[in-house]
Amino acid sequence: MSADFTCGLTRSFLGSGRVLANAGNAAAIVGGVGCVVAGPVYSRIVLAGSLLFWFVECWFAVRVAIDGSLFGVMAADPEEGGRQLDVMLNRTGRPLAERSRGALALWRKQIAALAVQLAALAAGIILRIANI
């Protein structure tokens, strides 16, 4: 696989992080409203947990967005772009495949954080409906 194709493909995957972040933001609004509206204490605690994971998901979303933009820049000239990035960050060089694996690992962590956030939100809603 060519280096520019690898950069473009990685950037495409990382670009979906914005959609994941938007889903997390919507879930945070629902969870926040659920925490504020008077209701059973256990459901409010679980909904607060959902908000906690929203912060985690936001952290990964920022890092994924940064990596996505860097891979977009590197796609024009992957070898030189990687070298220049290493110089700017005062790091030793890494192969493009390793950079791509690292960025995609962050993307998968963002997905996992969103999944936990949504699971906590669903549990909070179920507890609220059950009046627990």
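## Helices and the model

Helices, here, are DSSP runs of H or I with at least four residues, numbered from the N terminus. Ala-120, for instance, has its place in one of these, helix α5. The model described in this report is predicted, and the confidence of the prediction, expressed as pLDDT, has a mean of 91 over the protein, with 99% of the residues reaching 70 or more.

Within the protein, confidence is highest in α5, where the mean is 95, and lowest in helix α4, residues 78-89, where the mean is 85. As a matter of caution, predicted coordinates should not be read in detail where pLDDT is low.

## The largest nonpolar core

The largest nonpolar core has 15 residues, and those that touch the most other members are Cys-7, Leu-14, Val-64, Phe-71, Met-74, Leu-96 and Trp-107. At least two residues of this core come from each of three helices, namely α1 (3-15), α3 (41-74) and α5 (96-129). The largest share belongs to α5, which contributes seven residues.

Phe-71 illustrates how such a core residue is surrounded: with residues up to four places away in sequence left out, Phe-71 touches Cys-7, Thr-10, Arg-11, Leu-14, Leu-96, Arg-99, Ser-100 and Ala-103. One of these partners, Thr-10, is found in helix α1 and counts as buried, because its relative accessibility is 3% and the cut-off for buried is under 20%. Apart from its neighbours within four places in sequence, Thr-10 is in contact with Phe-71, Ser-100, Ala-103 and Leu-104.

## How α1 meets α2

Helix α1 packs against helix α2, residues 17-36, at an angle of about 10 degrees, and the axes of the two helices are 5 Å apart. The two helices are therefore roughly parallel, since that description applies to angles under 35 degrees. On the α1 side the contact is made by Phe-13, Leu-14 and Gly-15, and on the α2 side by Gly-17, Arg-18 and Val-19. Sorted by class, the residues of this contact are three nonpolar, two polar and one charged.

## Two buried residues of α5

Leu-121 is placed in helix α5 and, with a relative accessibility of 9%, counts as buried. Although Leu-121 and Val-30 are 91 residues apart along the chain, their C-alpha atoms are separated by 8.0 Å. Leaving aside neighbours within four places in sequence, Leu-121 is in contact with Ala-27, Val-30, Gly-31, Leu-47 and Ser-50.

Ala-120, which also lies in helix α5, is buried with a relative accessible area of 15%. When residues up to four places away in sequence are not counted, Ala-120 touches Val-46, Gly-49 and Ser-50. Measuring from C-alpha to C-alpha, Ala-120 and Gly-17 are 20 Å apart in space, while in sequence 103 residues separate them.

## Two asparagines with positive phi

Most residues other than glycine have a negative phi. Against that background, Asn-90 has a positive phi of about 55 degrees although it is not a glycine. Asn-90 lies in the loop between α4 and α5 and is exposed, with a relative accessible area of 71%.

Asn-131, likewise not a glycine, has a positive phi of about 60 degrees. Asn-131 is located in the segment after α5, and its relative accessible area of 60% makes it exposed, because the cut-off for that class is over 50%.

Definitions and conventions:
Residues are numbered from 1 along each chain as its sequence is written. This is a predicted model: local features need pLDDT of at least 70, side-chain atom pairs count only at pLDDT 80 or more; totals for chains, interfaces and linings use all residues. Side-chain values use heavy atoms; hydrogens and water are left out. A nonpolar core is a set of buried Ala, Val, Leu, Ile, Met, Phe, Trp, Tyr and Cys residues joined through side-chain atoms within 4.5 Å. Buried means under 20% relative accessible area, exposed over 50%, partly exposed in between (1.4 Å probe, protein chains only). Contact means heavy atoms within 4.5 Å. pLDDT is the predictor's confidence in each residue, from 0 to 100. Axes are lines fitted to C-alpha atoms, for helices over the stretch in contact, and angles run from 0 to 180 degrees between N-to-C directions. Angles under 35 degrees count as roughly parallel, over 145 as roughly antiparallel, 65 to 115 as roughly perpendicular and the rest as oblique. Ala, Val, Leu, Ile, Met, Phe, Trp, Tyr, Cys and Pro count as nonpolar, Asp, Glu, Lys and Arg as charged, and the others, Gly among them, as polar.
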